[in-house]
Amino acid sequence: MMIDTRETQHGKSRPDAANLGFGQFMTDHMFLMDYEGDQGWRRPRIVPYGDLRLDPAAMVLHYNQEIFEGLKAYALPEDRVSLFRPQKNIARMNSSARRMVMPEIPEQDFLQAMQELILLDRDWIPKAPGTSLYVRPAMIATEAALGVRPAQTYLFFIILSPVGAYYPQGFNPTRIFVSDTYVRAVQGGPGEAKTSGNYGPTLYVSKEAAARGYAQVLWLDGKEHRYVEEVGTSNIFFYLNEELVTPPLGGTILPGITRDSVLHLARDWGLRVTERPISIDEVIQGCQDGALQEAFASGTAAVISPVGTIGYKGLDYTVNTGQTGELSKKLYDEIIGIQYGQRPDPFGWRYLLD
Ligand SMILES: *Cc1c(COP(=O)(O)O)cnc(C)c1O
């Protein structure tokens, strides 16, 4: 693929490296590519970062045909740049595309687009420990037409955002709120796709949780409100009686790449690892009798996020006396070490861009 590149004449000033936060700043350029009916993908290009033009009837604005991904580029020693298992993100984006009746993107083109864009804006990659360049690929239906059907035209774009360290002062176990009323996904729905329609409806519940002093929502299954599914936009793990348990993927849970990496490492270390349904009753019971040694969320943004408190039906339950567990810390250190090129990479997870 030949990417037409038009560089900006007016580079932005760099944000304060100490206050990057998450997703607040965008780099100088973005990648765009159009899809037009039977002609397929056309006009791959890198242009100065800026507004998109959309017809108000663009179908994404009405029927939510949108999918996205999230991964990070890391500054490695010796000025190298790498991604973490990007082929997995591409496969997941294409699986989201199939669910939303959108066109797939060839892996090689997708990788090339990320590579050329990231290398062009490489001096935006922050270097302080724990910082990275967040990569957000997305696709939207652009055809201007009212009527519920798959669009004929799409825009694929990639934007980049330098992000700060998630744990500048070390781990801080979070308080999570179990919603026994609202659900994120149901069997047969699009829960396993990274499509924007899965996220807007969760804001109402996060707001309620935040008002009660919780950082995240723990989602239960849509049918019985009994089995644990995910926490916020992360997957969830419980270390219970020396067994690492996570709910099985089954259509309602987002297949996290961090989740997959945790499972891989834990199995490689010889831990007992099980993907099985786990009820909220078993979790609460484990908090009470001490069987629950650790609980943590996994996702690209925070990697591993220990859970300290679980609020359920008006009561707070403490996990592992509210401290960060050893396994959580060990998994975090290992994954971060691989991502930043500070540890060996036995599974070939690093993808060097230069
Ligand atoms: C993106 C996401 C995850 C985590 O996936 P990673 O690939 O590990 O970042 C988990 N749950 C939901 C709902 C998500 O959107």
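**Exercise 1. How many of the six residues of strand E9 (residues 174-179) are buried, and what follows for the strand's place in the structure?**

Solution.
- The model is predicted.
- Take the threshold: a residue is buried under 20% relative accessible area.
- Five of the six residues in E9 meet it.
- E9 is therefore largely enclosed by the rest of the structure.

**Exercise 2. Identify the strands that pair with E9, with the sense of each pairing.**

Solution.
- One partner is strand E16, residues 303-312. The pairing is parallel and has four bridges.
- In the register with E16, phenylalanine 177 faces glycine 311.
- Another partner is strand E10, residues 216-220. Here too the strands run parallel, joined by four bridges.
- In the register with E10, isoleucine 176 faces glutamine 216.

**Exercise 3. Follow the sheet from E16 to E17 and describe the turn between them.**

Solution.
- Strand E17 spans residues 315-318. Four bridges link E17 to E16, and the two run antiparallel.
- Isoleucine 310 sits opposite tyrosine 317 of E17.
- E16 and E17 form a hairpin with two residues between the strands.
- Within this hairpin, lysine 313 adopts a positive phi near 50°.

**Exercise 4. Locate aspartate 180, classify its exposure and list its contacts.**

Solution.
- Aspartate 180 belongs to the loop between E9 and helix H4 (203-211).
- Its relative accessibility is 28%. Partly exposed covers the range between under 20% and over 50%. Aspartate 180 is therefore partly exposed.
- Leaving aside residues up to four places away in sequence, aspartate 180 touches Leu220, His225, Tyr312 and Lys313.
- Now link this to the strands. Lys313 is the residue with positive phi in the hairpin of E16 and E17.
- Tryptophan 219 is 39 residues from aspartate 180 along the chain, with a C-alpha separation of 7.9 Å.

**Exercise 5. Is methionine 30 buried or exposed, and which residues surround it?**

Solution.
- Methionine 30 is part of strand E2, residues 29-36.
- At 5% relative accessibility, methionine 30 is buried.
- Residues up to four places away in sequence are left out of the contact list. Its contacts then include the run Arg45, Ile46, Val47, Pro48, Tyr49, Gly50, Asp51 and Leu52.
- Leu117, Ile158 and Ile159 are also among the contacts of methionine 30.
- Check the range of one such contact. Isoleucine 159 is 129 residues from methionine 30 in sequence, yet the C-alpha atoms are 5.1 Å apart.

**Exercise 6. Examine two loop residues, asparagine 241 and threonine 321, for backbone angle and exposure.**

Solution.
- Asparagine 241 has a positive phi of about 50°, although it is not a glycine.
- Asparagine 241 lies in the loop between strand E12 (235-240) and strand E13 (243-246). Its relative accessible area is 51%, so it is exposed.
- Threonine 321, likewise not a glycine, has a positive phi of about 50°.
- Threonine 321 lies in the loop between E17 and helix H7 (326-339). With 65% relative accessibility, threonine 321 is exposed.

**Exercise 7. Step into helix H7 and characterize serine 328.**

Solution.
- Serine 328 is a residue of H7.
- Its relative accessible area is 0%, so serine 328 is buried.
- Beyond residues up to four places away in sequence, serine 328 touches Phe171, Glu294, Phe296 and Ile304.
- Ile304 falls within E16, which covers residues 303-312.

**Exercise 8. Assess the fold of the whole protein chain.**

Solution.
- Count the elements: seven helices and 18 strands.
- Test the size. For 354 residues, a compact globule would have a radius of gyration near 20 Å; the chain has 21 Å, which agrees.
- Along the principal axes, the C-alpha atoms fill a box of roughly 60 × 55 × 35 Å.
- Check burial: 52% of the 354 residues count as buried.
- Check contact range. Of the contacts with a separation of 6 or more, 70% link residues 24 or more positions apart.
- Turn to the surface. The accessible area is about 16,300 Å², and carbon and sulfur atoms supply 49% of it.
- Finish with charge. There are 34 positive and 42 negative charges, and their mean positions are 1 Å apart.

Note on methods. Residues numbered from 1 in each chain as written. Predicted model: local features only at pLDDT ≥ 70, side-chain atom pairs only at ≥ 80, totals over all residues. Heavy atoms only, no water. Rg over C-alpha atoms; globule rule 2.2 N^0.38 Å. Buried < 20%, exposed > 50% of the residue type's maximum accessible area, 1.4 Å probe, protein only. Contact = heavy atoms within 4.5 Å. Areas by Shrake-Rupley, 256 points an atom, 1.4 Å probe, with all protein chains shown as cover. Lys, Arg positive; Asp, Glu negative; His and termini not counted. Charge placed at Lys NZ, Arg CZ, Asp CG, Glu CD. Pairing = 2+ DSSP bridges.
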